[in-house]
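Let's walk through this model together, one question at a time. Have the structure open beside you as you read.

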Amino acid sequence: MKLVVGEGSCGIAAGAAKVYDALEQAIGEKDIHLGITGCIGMCFLEPIVDVYDDNGELGARLVKVNPAQAGRIVDAVSSGDLSSIQKLMIKDEDKTFLDKQTRIVLRHCGKIDPTSIDDYLDDDGFQALGAVLDHMQPEEVIDEIKTSGLSGRGGAGFPTWFKWNAARHAPGDEKYLICNADEGDPGAFMDRAVLESDPFSLIEGMIIGAYAIGCKDAFVYVRAEYPLAIKRLENALKIAEERNYLGDHILGSDFSCHIHIKAGAGAFVCGEETALIASLEGERGMPRLKPPFPAESGYNGKPSNINNVETFANVAWIIHNGGKEFAKLGTEGSKGTKVFALSGKIRRGGLVEVTMGKTLREVIFDIGGGIRDGKEFKAVQLGGPSGGCIPASRLDTIIDYKALQATGAIMGSGGMVVMDESTCMVNTAKFFLEFTSKESCGKCVPCRLGTKRLLEILTRICAGEGKEGDVELLEELCNAVKDGALCGLGQTAPNPVLTTIHYFRDEYDAHIRDKSCPAKQCADLVTYRIDPEKCTGCTACSLRCPVKAIHGVAKSPFEIEQSLCIKCGSCYNNCHFGAITRE
Amino acid sequence: MDSIKITIDDNELTARKGQTILEIARRNGINIPTLCHDERVKPYGACGICVVEAKGSAKLLRACSTKASDGMVIHTDTDRVKQARKVAMELIMSDHVGDCRGPCTINCPAHTDCQSYVHEIAQGNFQEAVKIIRDRIPLPSCVGRICPHPCEDACRRNLVDEPVSICALKRFASDTDYDSEHSYVPPVAPDTGKKVCVIGAGVSGITVAYFLRQNGHKIDVLDAMPKNGGMFRYGIPNYRLPKDVLEQEINVLRYMGVSFHNNVCVGKDVTLDELRKKYDAVVVAIGAWKDQPLRCKGTDLDGVIGGCEFLEQIGLGKRPEIGKNVAIVGGGNTAMDACRSAVRLGAENVYIIYRRTREEMPAEDDEITEAMEEGVQFKFLYNPVELSGENGKLTTMKVQKMRLGEPDESGRRRPIPLENEYTDIQVDTVIGALGHTLRPEGFEQLEMTDKGTIEAGLHSFRTSLDGVFAVGEATNKGATIAIDAIAQAGQAVDQIDAYLYGGTSFYKEPYYSEKKVSESDLADRPKIPRHPVQKRDRTLAKSDFQEVNYRYTKEDAMAEAKRCLECGCFDYGHCTLIKRANEMPIHPERFAGSQHPSYKEQELVCIERDQGKCILCGLCVRICDEVAKKGILGLVGRGFPTVVKPEFRDPAVIAGCKDCQLCFDACPTGALKLLVPEKEK
């Protein structure tokens, strides 16, 4: 028997490491193996402990485990009778979260121990690399990728084979392969999961890519905010090199390749490929003009190819199973699967990998279980700060690069934030502009000043100081920023504003004309009052008010002093009698 | 060598492979504006001004960096391109914190470069000062005496103590220059063969003649009066503007080759059509000489006269009989000139009858004060209702008491009559100074406005007749102050000039960057009181028409000039940023928001950086790195608050900065200032 604790950053944050320690202690001398795996993908059920039988089959999945339950679990497992821990087992309805997914990128995640190359090898690991080095020419590799239809998963969706081919045929002997692991979108954690849960798969994909384009040195540019990912990747690189899957004369072939890790300092713009290259070179992380494209002149002015983590994680599967198999999945224009980090006001949040062509509704309602707390779905935000908000009327849009783009949003790298009726869409646009204006590198005018001015206009609208014509001004400025910004960050930064204006214009108008926030989220436009008919004088609100704005005598109706109220909503959330109104 | 074909704005061009769109355009004389580009350094693409549209490309391309490819079709001036450039420029200007020009210059209707001439006076370079003044003002000694000086109203020194005495300094410089052996006469361009007739030798006409003559045209100025100067001669009394001073100024135009023809009345001696045939262009600058009549009974009595008419008599050298008791109705400058002239003519009781209060009086405050000091009795909140007399001779003015109501469209509070509150004043003469308008006789062919003034294009100065332009008080909104008339006439010159060469042009008010400054920003400036202008003894002054105000002494003038806070930018004349900004119809106020804090810092040996003015084009950083090979500067921070500073503030790096000045020379605006070390000064 074996117990496996899900130890991705998400699991650890939920207490998985403590659960592991408690289980270790409870097991003591008993004949139960204890191991770890990476992210299983069900953030909403962490910490998760999987029980495997002696044949290596998953016997039971225990969820929301806490360290105090370790003894009971070990007793049950060692006795072979799991009925006593029935209550800890995952509910059938939650199983649909994984059952409805198709996992290629995440094929090893939550299954293997990310620190063990043997686990990886047991699950078809490095077979693709072996085949490539044994009998495939670089051109054949590129052809296979072309057949698969794989496109860049970082967001732009550019055909991967094309970039590889361009880099391969760029003049020069010295070429570089770079993995973009600078995952910076708020609410996105797909790449982190792969790095933490399946680093060997990334390494294998990168070596195959390096072989295809003909480069000897590759880099993983990973944000320093991912310490666990860096640790596991470093470990995997060390082991892979020891076992000759990496380094000189890989698997006895003539091909040599080294992979280096570069930890980025956390600038969002460094996810933009030219800024990433600048940062890699030790320069200020600031985008450069394209052309020349990196395939022509990239790192140190040499031909360079950049793909993101998810793209590389697909490569070994494609080579192993054949490009045709991959191409069977998905739609005409978008092949394979896509991983999403599903978050927000959703019942089941976590990592979701689905075949292209599924609808947003299927992902959000079938897999994610719909909206939490019985509220109404309002919008889903795709593509992070570069993306847009898609309303309920467009829920049947399929996961497909073109189809999503037609809504005004983008596929993006995989952030999928679900919003309910209590989310103000103007405030949402403001949130994203706060992010992009801070993260703008400061180089070009349309981005540095354009995003700042957009934010200022949105801020005044949310504060009830919007003016007639502000929406038109926003649109004009958005279009100018899209047209004039130097890099992808700026060119896409207006998307959250434009899509919210497009789909939720009435909310903008309500803020500007009626000085009201329909979602009751914008503090400056909300007033809390106590209904004296319903107030019992229980003092609950008064005690919790952080600014002591609620006065009264116990057992008679209380009152809110509006001049002191900071609109935090604490009274509203704590009243047991529904006596607080919010208007 | 590989050559490619490229089309830019419908021009089919051949270029070398590898050339950028900008290089090709410039080589072929096609203008693509740039701001952050410099041929010495690698393309950078920060400003977004050089964008162009390429056929088949969804994105706009930056011309500075995009290499042309064969068959490319480029458009440099589509609406989309213009819009992108305009918004980029508006964004830049919304965070460019600085004054292009001092508030004095901006508030002067003629945008006279006050700061510069005040600076020259402070340095003792009086003729240099006059050259700067004469760039805008053809009659500096006159204007320096009578201008209501909007420049001083705007002077930022108001926030410290009192404004710089800009107007009196102008008079000082100009008078001093006339006294010098070789006083300044503006250069005149070679003869163009074009002839222009200017009707009216007043301020507007003289201004038009002065500037058109400098452009090399032959100018004839016609005037109906025996002498030149218009209102300067016949409207403003000698004690304010001595006529010898005026004559001296007009003589400068004679030196320049302008011909004056007096006693020529258009409509009587010559018709407008005859002039149109004889000249390439005609400029109507006939002024506003007709008094608005008093709106009460009895105005036909002997002893009732209009303000302009009264002053005209004095200007002609006559001494009108006005008796002992004189009342002037009105609150403007003509009323002040009339009442103070009445005092000088020996009247014992001189009254100002004004239906509002001193607050609302349009006359200059100094003029009011001086009139009061000379004994004029101000009767505020009174309005004449009836004039009566004996044997056709005026004796009595009945006035009604008023109170102030709500503000009217002019913003002044409206006077409301109080019923049954009347007073009689014994008067020998009543002078009506309620404004003046033109005498349209001889110009009936021209279309008129509702106000009865000549209709002239606000930016073209054209009238309804081809080749006939009109400027000054006879046009549009009517009577105004002299500097306004000078400004308008100056604006008209380029449009007339364009017409002479067969073109059309319109005056465009320049865009200036302006900075908000409050009292607290200037709290550290030492308070230095304004140097008063010496005046003639009061008793003596009111007994004749000799000039009241004296010229500054040289010492006082230089000391006064040193009070200037020098608000305007030292780089204005060379600033690429403001040049570009003025090429587009921008409204940066649309994007008003937070701005970079406007502080100056000197972290390098001889360079002072104004962070408020810096537009982060990165030229200094790149020049220092790529051309000077020093790499001393870098961008610090991210997003909006980004600033340029020495890299890591490393003293060793900073020490590398010597005196190459490359960054200073490259800066497209006035963000960098070269500080000359003390010993080299």
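Q: At what angle do helix α9 and helix α11 of chain B pack?
A: Keep in mind that this is a predicted model. Helix α9 of chain B covers residues 203-214, and helix α11 of chain B covers residues 243-256. Their axes lie 10 Å apart, and the angle at which the two helices pack is about 30°.

Q: Is the crossing of α9(B) and α11(B) left-handed or right-handed?
A: Two packed helices are described by the angle between their axes and the distance between the axes. For α9(B) and α11(B), the sense of the crossing can be added to that description: left-handed.

Q: Which residues of α11(B) does α9(B) meet, and how many of the residues in this contact are charged?
A: From α9(B) come I206(B), A209(B), Y210(B) and R213(B). Across from them, α11(B) offers I250(B), L253(B) and M256(B). Sorting the residues of this contact gives six nonpolar and no polar, and the charged count is one.

Q: Which element gives the most to the side of chain B that touches chain A?
A: The contact between the chains takes 26 residues from chain A and 30 residues from chain B. On the chain B side, β4 (60-62), α2 (79-94) and β23 (633-636) each supply at least two residues. With seven residues, the element that gives the most is α2(B).

Q: How many residues of the side of chain B that touches chain A are nonpolar?
A: That side of chain B includes five charged residues and eleven polar ones. The nonpolar residues there number 14.

Q: How compact is chain A for its length?
A: Chain A has 23 helices and 17 strands. Its radius of gyration is 26 Å, and the globule rule gives 25 Å for 583 residues. Those two values are close, so chain A is as compact as a globular protein of that length.

Q: What percentage of the residues in chain A are buried?
A: Along its principal axes, the C-alpha trace of chain A spans about 85 × 65 × 40 Å. Among contacts in chain A with a separation of 6 or more, residues 24 or more positions apart account for 72%. Of the 583 residues in chain A, the buried share is 56%.

Q: How far apart do the C-alpha centres of domain 1 and domain 2 of chain A lie?
A: The domain assignment places domain 1 of chain A at 2-90 and domain 2 at 117-327. Four residues of domain 1 are in contact with six residues of domain 2; on the domain 1 side, these are one nonpolar, three polar and no charged. The C-alpha centres of the two domains are separated by 33 Å.

Methods:
Residues numbered from 1 in each chain as written. Chains lettered and ligands numbered in written order. Predicted model: local features only at pLDDT ≥ 70, side-chain atom pairs only at ≥ 80, totals over all residues. Domains from an automatic or database assignment. Contact = placed C-beta atoms within 7 Å. Nonpolar A, V, L, I, M, F, W, Y, C, P; charged D, E, K, R; others polar. Helix = DSSP H or I, 4+ residues; strand = E, 2+ residues; numbered from the N terminus. Rg over C-alpha atoms; globule rule 2.2 N^0.38 Å. Buried ≥ 20, exposed ≤ 12 C-beta atoms within 10 Å, placed from the backbone. Axes fitted to C-alpha atoms, helices over the stretch in contact; angles between N-to-C directions. Left-handed = near helix turned anticlockwise from the far one by under 90°.
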